[in-house]
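Here's a quick briefing to read with the model open in your viewer. It goes through salt bridges, then the DNA surface, then how the chains relate.

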2 protein chains.
Amino acid sequence: MENNSCIRQQADIKQINRCKDTVSELSESFDHLANGLSLVGNSVRLKILYLIFEEKRLCVCDLSDILGMNISAISQHLRKMKDRNLLTTEREAQTIFYSLTTEYSTLLNPFFEILDKNKILATT
Amino acid sequence: MENNSCIRQQADIKQINRCKDTVSELSESFDHLANGLSLVGNSVRLKILYLIFEEKRLCVCDLSDILGMNISAISQHLRKMKDRNLLTTEREAQTIFYSLTTEYSTLLNPFFEILDKNKILATT
DNA sequence: TTATTATTTAAGCAAATACTTAAATAATAC
DNA sequence: GTATTATTTAAGTATTTGCTTAAATAATAA
């Protein structure tokens, strides 16, 4: 697994060890955060999140129509994001509406703002 | 490609069309942003970014040692992030140091802060 | 109860991603 | 010049991810 040459001659051993400690301390945090960000780092899911952010709530069917994609495909994306607590659902008869959880709404806001700015640029 | 049933009876056509417009207007923005976020949404790369953020600059060799991973694997991660302008390099003799670009340093700061907080919790 | 509408889930396949190995490039030391 | 150190790149493999199809669940309407 580990091989190759290196460990450079003038490596700062203190620094290396400090970094190793950080990595082992935060190991789970890194995994958890990366997993959350990987959900947002997909253009279909990013679109879904932004649309829900703008429209407050949407159902699978709406999103399927808007994005021109299979309902099943959208449903599977929504599931992943619900599992990771980016989205919540509320049922209204047969329709299930998805909306952003407040926590992720705040966290993702800087990115939505970037998109908002681009939107202004695109329309003018 | 598109099939299935749906388009719910009481769908808000205006809303659907407004959303379709947004998606087509921002299509490239979505792709670009999602691509950037997908880079951060990988635990190895997130670790690399956070370590470089903390230590200001690191070389492949250091990172390989810290993360217990193949130099080649790290190098390929660094390349991707350099290509997408998350990282810059400066050469010092045979060693190439990677550091964060200011733009992404700002953008990623909220996430680094989350990790910082967890670090305090982990050590106390 | 059966039919319809809205949605989810499971299985399979295809494309993308991450890591390994080995070879290539590049700067310094001898 | 050759040898060494630091790094990148290319090719192959294996795992993961996203989408398709088909079947399952769940609420409402007839």
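At 25% relative accessibility, B:E54 falls in the partly exposed class. Its salt-bridge partner is B:K119, with N and O 3.1 Å apart, and B:K119 is partly exposed as well, at 21%. Keep in mind that this is a predicted model.

**Salt bridges**

- Where do the two partners sit in chain B? B:E54 is in helix α3 and B:K119 in helix α6 (residues 102-123), so the bridge ties together parts that lie 65 residues apart in sequence.
- Chain A has a salt bridge between A:K119 and A:E54, whose closest N and O atoms are 3.1 Å apart. Here A:K119 belongs to helix α6 (residues 102-123) of chain A and A:E54 to helix α3 of chain A, so this pair also links parts 65 residues apart in sequence.
- A:E54 is partly exposed, its relative accessible area being 25%.
- Over all chains, the structure has 12 salt bridges.
- One of them pairs A:R18 with B:E55, at 2.6 Å from N to O. That pair crosses between chains: A:R18 sits in helix α1 (residues 13-25) of chain A, and B:E55 in helix α3 (residues 43-55) of chain B.
- Are the two ends of that bridge buried or exposed? A:R18 is partly exposed, with a relative accessible area of 43%, while B:E55 is buried because its value, 13%, is under the 20% cut-off.
- There's a network too: A:R57, A:E90 and A:E92 are joined into one by salt bridges that share partners.

**The surface near DNA strand D**

- Strand D is surrounded by 30 residues, and the closest are A:H77, A:K80, B:C61, B:S72 and B:Y98.
- Of the strand D atoms that come within 4 Å of the protein, 70% belong to sugar and phosphate.
- By residue class, this surface splits into 12 nonpolar, 13 polar and five charged residues.
- Which part of strand D does the side chain of B:S72 approach? An N or O atom of that side chain is 2.7 Å from a base oxygen.
- With B:R79, the partner is a phosphate oxygen of strand D, which lies 2.7 Å from a polar side-chain atom of the arginine.
- B:Q94 uses its backbone: an N or O atom there is 3.4 Å from a sugar or linking oxygen of strand D.
- Which elements give two or more residues to this surface? In chain A they are α3 (43-55) and α5 (71-83), and in chain B they are α4 (60-67), α5 (71-83) and β3 (95-100).

**How the two chains relate**

- Some background first: two copies of a chain are related by a rotation about an axis plus a shift along that axis.
- For this pair, a 180° rotation with 0.0 Å of shift along the axis puts chain B on chain A, with an RMSD of 0.1 Å. The copies are therefore related as by a two-fold rotation axis.
- Which residue of chain B comes closest to the rotation axis? B:S38 does, with its C-alpha at 2.7 Å.
- Of the interface residues of chain B, 98% are also interface residues in chain A, so the copies meet through the same surface.

Methods: Residues are numbered from 1 along each chain as its sequence is written. Chains are lettered from A and ligands numbered from 1 in the order in which they are written. This is a predicted model: local features need pLDDT of at least 70, side-chain atom pairs count only at pLDDT 80 or more; totals for chains, interfaces and linings use all residues. Side-chain values use heavy atoms; hydrogens and water are left out. A residue is near a molecule or strand if one of its heavy atoms lies within 4 Å of it. A polar contact is a pair of N or O atoms within 3.5 Å; within protein, one must be able to donate a hydrogen and the other to accept it, and residues adjacent in sequence count only if both atoms are side-chain atoms. Helices (H or I, at least four residues) and strands (E, at least two) are DSSP runs, numbered from the N terminus. Ala, Val, Leu, Ile, Met, Phe, Trp, Tyr, Cys and Pro count as nonpolar, Asp, Glu, Lys and Arg as charged, and the others, Gly among them, as polar. A salt bridge is a side-chain nitrogen of Lys or Arg within 4 Å of a carboxyl oxygen of Asp or Glu. Buried means under 20% relative accessible area, exposed over 50%, partly exposed in between (1.4 Å probe, protein chains only). Copies are superposed by least squares on the C-alpha atoms of residues with pLDDT of at least 70 in both. Contact means heavy atoms within 4.5 Å.
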